[in-house]
Amino acid sequence: MTGALLEARELQTYYGASHVLRGVDFRVARGETVGLMGRNGMGKTTLLKSMLGLVKPRYGGVWVRGELVTGVEPWRIARRGIAYVPEGRGIFPNLSVRENLTMAARPGVEGRCDWTCQRVLETFPRLAQRLRHGGWQLSGGEQQMLTIGRALMTNPDLLILDEATEGLAPHVAREIWRIIREIRAHGIATLIVDKNHAAVTAISDRNVILVKGQVVFEGDGPTLRARPEILLQHLGV
Amino acid sequence: MDFYSLLIQLLNAVQYGLLLFLVASGLTLIFGIMGIINLAHGSFYMIGAYLAFSLASLTGSLLWAVLLGTVLAVALGLFLEWALFSRFYRREHLEQVLLTYGLILVFEELRSLILGNDVHGVAVPAALSASIPLTDTLSYPVYRLFMSGVCLVLAGGLYLLIQRTRVGMMIRAGSSNREMVQSLGLNINLVYRLVFALGVALAALAGMIAAPASSVYPGMGTQVLIICFVVVVIGGIGSVWGALLAALLIGLVDTFGKVFLPSISGLLVYLLMAVILLWRPEGLVKRT
């Protein structure tokens with residue numbers, strides 16, 4: 001295989017009789033930032049979950065660092081350096097902030113331990129003030145910071161963010177984007193699904209648009225910005 | 001009723017409550033975390049008691065019987081989870097009930113084939129066979145205090161495991177979001193297997209230490225199962241601390257009910273459940 005960190009080929013996924021992914025080719029290279037776009041129900045989250053092993057694709061394959069991981073248990077895929085920040089966050093409400101972070105802690109694939117609890121708390125000072133609070137006591141923005149911080153505790157090579165700024169107040173969303181840029185600058189590859197297309201294309205190296213489970217566009221930010229009709233046609237903006 | 005009689009009843013109530021807690025804690029963990037309704041949980045209590053009986057006869061020592069029995073119970077739990085229960089996590093509750101009801105029949109039949117249908121007794125170890133004299137006529141057996149002590153130590157250990165260790169964090173996290181635990185690179189299946197084996201071991205341990213105080217008899221598992229479901233429902237499904245509260249409450253109501261209201265004592269526990277459910281439909285401790 002090629003040197004991609006994460007690669008999917010001809011992925012087809014069904015939910016019951018509904019054919020959600022209709023042959024998707026997708027890849028993220030080391031250190032690359034990819035924006036994944038598409039309207040609701042076009043298969044973005046299904047593509048993420050199929051690559052993470054959380055949903056079983058019916059056809060096609062997924063490779064991490066050139067190794068076939070189709071059918072491998074999700075936790076084994078995650079251990080290959082992929083961290084997932086799911087839509088709707090997914091903090092553990094019955095664990096404290098500190099526990100949410102420490103339970104995830106693990107060295108990266110190559111043994112790196114760049115992200116420690118201390119470093120995460122420096123990145124998210126608001127969490128530092130709430131270490132003893134239960135996850136359920138946090139505001140939406142704090143929960144999102146905790147989910148991202150928790151993902152970083154696994155020292156990933158790829159961070160997948162599904163609607164990380166959804167439902168957040170503008171100033172909180174700006175804070176999240178600042179952090180995503182910081183993570184990106186650190187050399188961690190990021191795969192971003194977000195409705196704020198301007199913010200995505202501003203930091204992405206490459207963008208992929210999904211329509212009805214198929215890739216209809218692939219290109220960098222300037223290309224996408226230069227052709228607003230593509231956004232209008234496929235995303236309605 | 002004088003002070004000492006009251007004290008004796010109180011000690012009995014606490015001891016009974018703590019023993020119930022040992023069995024019910026596994027039941028509530030297995031239901032709360034894996035979503036399995038395990039009707040066979042009472043059988044593990046029965047198996048524990050029969051292990052104590054047969055291993056104590058073989059080795060001549062209750063201590064050895066309990067140690068060996070615990071190892072066997074853990075092995076049984078690991079095996080059952082691997083062979084059967086792990087295939088039922090995503091199934092309907094009805095299918096789980098059928099599986100676990102079937103297991104009750106299998107375990108009872110095996111018990112009958114291997115050890116027969118007689119009622120057995122297990123001798124209290126000599127070191128614990130004394131009684132503490134309270135008055136000229138009243139005394140309290142040391143073994144019952146020992147049982148309460150063991151239950152308290154195990155409850156404390158369970159608390160530390162769940163609240164203070166990384167495995168405990170994974171157990172708690174697994175009860176709220178299984179998919180997310182996996183996405184963090186943690187093997188949730190292993191956590192489930194350990195929790196199941198822990199539940200089996202606790203129930204069997206309860207049976208083992210109860211064996212010398214009561215007798216060992218066919219059907220003892222079913223009896224404890226029903227009351228344990230009451231504990232789980234009163235305590236709040238999935239809550240270990242709720243189960244502790246509920247078990248102690250049931251211990252008190254049952255024991256003092258037999259003293260003060262003997263004619264309806266069999267009903268009191270269920271009345272208590274009804275009242276608590278009317279007051280708090282989700283049980284005493286609601287999970288966050």
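Which helices of chain B each supply at least two residues of the lining of the largest cavity? They are helix H2 (41-59), helix H4 (93-115) and helix H9 (220-235). Keep in mind that what you're looking at is a predicted model.

**Empty spaces**

Let's stay with that cavity for a moment. The count of cavities of 30 Å³ or more comes to 1, and the largest cavity has a volume of about 40 Å³. You can find its lining by picking out B:Leu39, B:Gly42, B:Ser43, B:Ile104, B:Glu108, B:Gly221, B:Thr222 and B:Leu225. H9(B) gives the most here, with 3 residues.

Now for the largest pocket, which holds about 610 Å³ of space. It is lined by 22 residues, and the closest to its centre are B:Tyr16, B:Leu19, B:Tyr45, B:Ser214 and B:Lys258. Four helices of chain B, namely H1, H5, H9 and H10, each supply at least two residues of this lining. Here are the two spaces set out together:

| Space | Volume | Top contributor | Nonpolar | Polar | Charged |
|---|---|---|---|---|---|
| Largest cavity | about 40 Å³ | H9(B), 3 residues | 3 residues | 4 residues | 1 residue |
| Largest pocket | about 610 Å³ | H1(B), 6 residues | 13 residues | 6 residues | 3 residues |

**The nonpolar cores**

Next, the greasy parts. The largest nonpolar core has 138 residues, and those with the most contacts inside it are A:Ile148, A:Leu152, A:Leu159, B:Met34 and B:Ile250. Helix H8 (residues 188-210) of chain B brings the largest share of this core, 14 residues. Try clicking on B:Met34: leaving aside neighbours within four places in sequence, B:Met34 is in contact with B:Leu29, B:Tyr89, B:Tyr192, B:Val195 and B:Phe196. There is also a second, separate core of 28 residues, which includes A:Val28, A:Leu47, A:Tyr84 and A:Leu210.

**A helix to check with a ruler**

Helix H5 (residues 142-164) of chain B makes a nice bit of arithmetic. With 23 residues at 1.5 Å a residue, H5 should span 33 Å, and its end C-alpha atoms are 32 Å apart, so the two values agree.

Which residues of H5(B) are buried? The answer is B:Tyr143, B:Met147, B:Ser148, B:Val150, B:Cys151, B:Ala155, B:Leu158 and B:Ile162. These buried residues pack against several elements of chain B: helix H1 (3-34), helix H3 (62-83), strand S2 (139-141), helix H6 (166-176), H8 and helix H10 (240-260). You've already met H5 among the helices lining the largest pocket, along with H1 and H10.

Technical notes:
Residues are numbered from 1 along each chain as its sequence is written. Chains are lettered from A and ligands numbered from 1 in the order in which they are written. This is a predicted model: local features need pLDDT of at least 70, side-chain atom pairs count only at pLDDT 80 or more; totals for chains, interfaces and linings use all residues. Side-chain values use heavy atoms; hydrogens and water are left out. On a 1 Å grid over the protein atoms alone, a cavity is a set of points where a 1.4 Å probe fits but cannot get out, and a pocket is an open set with protein on both sides within 12 Å along at least five of seven lines; lining residues have an atom within 4 Å of a point. Grid points are joined across faces, edges and corners, and a volume is the space filled by probe spheres set on the points. Ala, Val, Leu, Ile, Met, Phe, Trp, Tyr, Cys and Pro count as nonpolar, Asp, Glu, Lys and Arg as charged, and the others, Gly among them, as polar. A nonpolar core is a set of buried Ala, Val, Leu, Ile, Met, Phe, Trp, Tyr and Cys residues joined through side-chain atoms within 4.5 Å. Buried means under 20% relative accessible area, exposed over 50%, partly exposed in between (1.4 Å probe, protein chains only). Contact means heavy atoms within 4.5 Å. The expected span of a helix is 1.5 Å times one less than its number of residues.
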